[in-house]
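Please look at the sequence and the structure shown below, and keep both in view while you read the paragraphs that follow.

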Amino acid sequence: ASVARTNPKPASEKHSRYIRRQIENKLRFAYELDPAHYANYNSYHFFLTEPKLGTRPELTPGAAKLAERTIHYCLKKTDDPRPALTAAAATENLLELMFNDQLNEKPHFTTTQMRQYLGLLDQCIARYNTISKEWTRTGNWSLLSDQRRLECKDRYHFILQVRHSSEETIRRLEQKGTATPNVSSAN
């Protein structure tokens, strides 16, 4: 009974948009509180990139700016390995935007630019590995709950899988010769 619908009329389009805008604002607020938090970043990025969810018209450029900002913020963190995973996820999101751009008649990104971001992804993974080893040595991992450690392990393996898929995608694009330059920079 607590979830039974009592109003026979569905929510109006304006009301649904209002609700989506409130959700978007809360996700942005959570992200602003901790840009290095993996879930805060990914939830907000997903909301921005899904046209049926987001309420602001600037979807892809806004998501790209968010990812760039997150990468720069997270790579400044050297005391915790988890922000490196967030930076890696943001880098993978930028690569995905570049891959999606290849579907356009005149793509803006080249495979050279994609390889640069793949290199940045490798840098994020290496940063995670370095700080993670230090945390193992100092016992900092034991300060986290088993669930948090398992989340990090799962994220790390997922990032490695996506990294491998990204490299394969770039290789296929290079073989096809479809990624021709239109714009001199990724921005």
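Is R82 buried, partly exposed or exposed? At 27% relative accessibility, R82 counts as partly exposed, where buried means under 20% relative accessible area, exposed over 50%, and partly exposed in between (1.4 Å probe, protein chains only). This is a predicted model, in which local features need pLDDT of at least 70 and side-chain atom pairs count only at pLDDT 80 or more, while totals for chains, interfaces and linings use all residues. Residues are numbered from 1 along each chain as its sequence is written, and side-chain values use heavy atoms, with hydrogens and water left out.

R82 has a charged partner, for the side chains of D80 and R82 meet in a salt bridge (2.6 Å, N to O), a term that stands for a side-chain nitrogen of Lys or Arg within 4 Å of a carboxyl oxygen of Asp or Glu. D80 itself is buried, because its relative accessibility is 14%. By this rule the count comes to 11 salt bridges. Another of them joins E174 and R115, whose closest N and O atoms are 3.0 Å apart; this pair links distant parts of the chain, since E174 belongs to helix 6 and R115 to helix 5, 59 residues apart. Helices here are DSSP runs (H or I, at least four residues), numbered from the N terminus.

Turning to the interior, the largest nonpolar core has 41 residues, a core being a set of buried Ala, Val, Leu, Ile, Met, Phe, Trp, Tyr and Cys residues joined through side-chain atoms within 4.5 Å. Helix 2 (38-49), helix 3 (60-75), helix 4 (82-101), helix 5 (111-138) and helix 6 (146-176) each supply at least two residues of this core, and its largest share, 11 residues, comes from helix 4. In soluble globular proteins, nonpolar side chains tend to be buried together. Y128 is among the residues with the most contacts inside the core; leaving aside neighbours within four places in sequence, Y128 is in contact (heavy atoms within 4.5 Å) with residues including P81, L85, W141 and Y156.

A charged residue can be buried as well, and R163 in helix 6 counts as buried because its relative accessibility is 15%. With the same neighbours set aside, that is, those within four places in sequence, the contacts of R163 are E92, L118, L121, D122 and I125.
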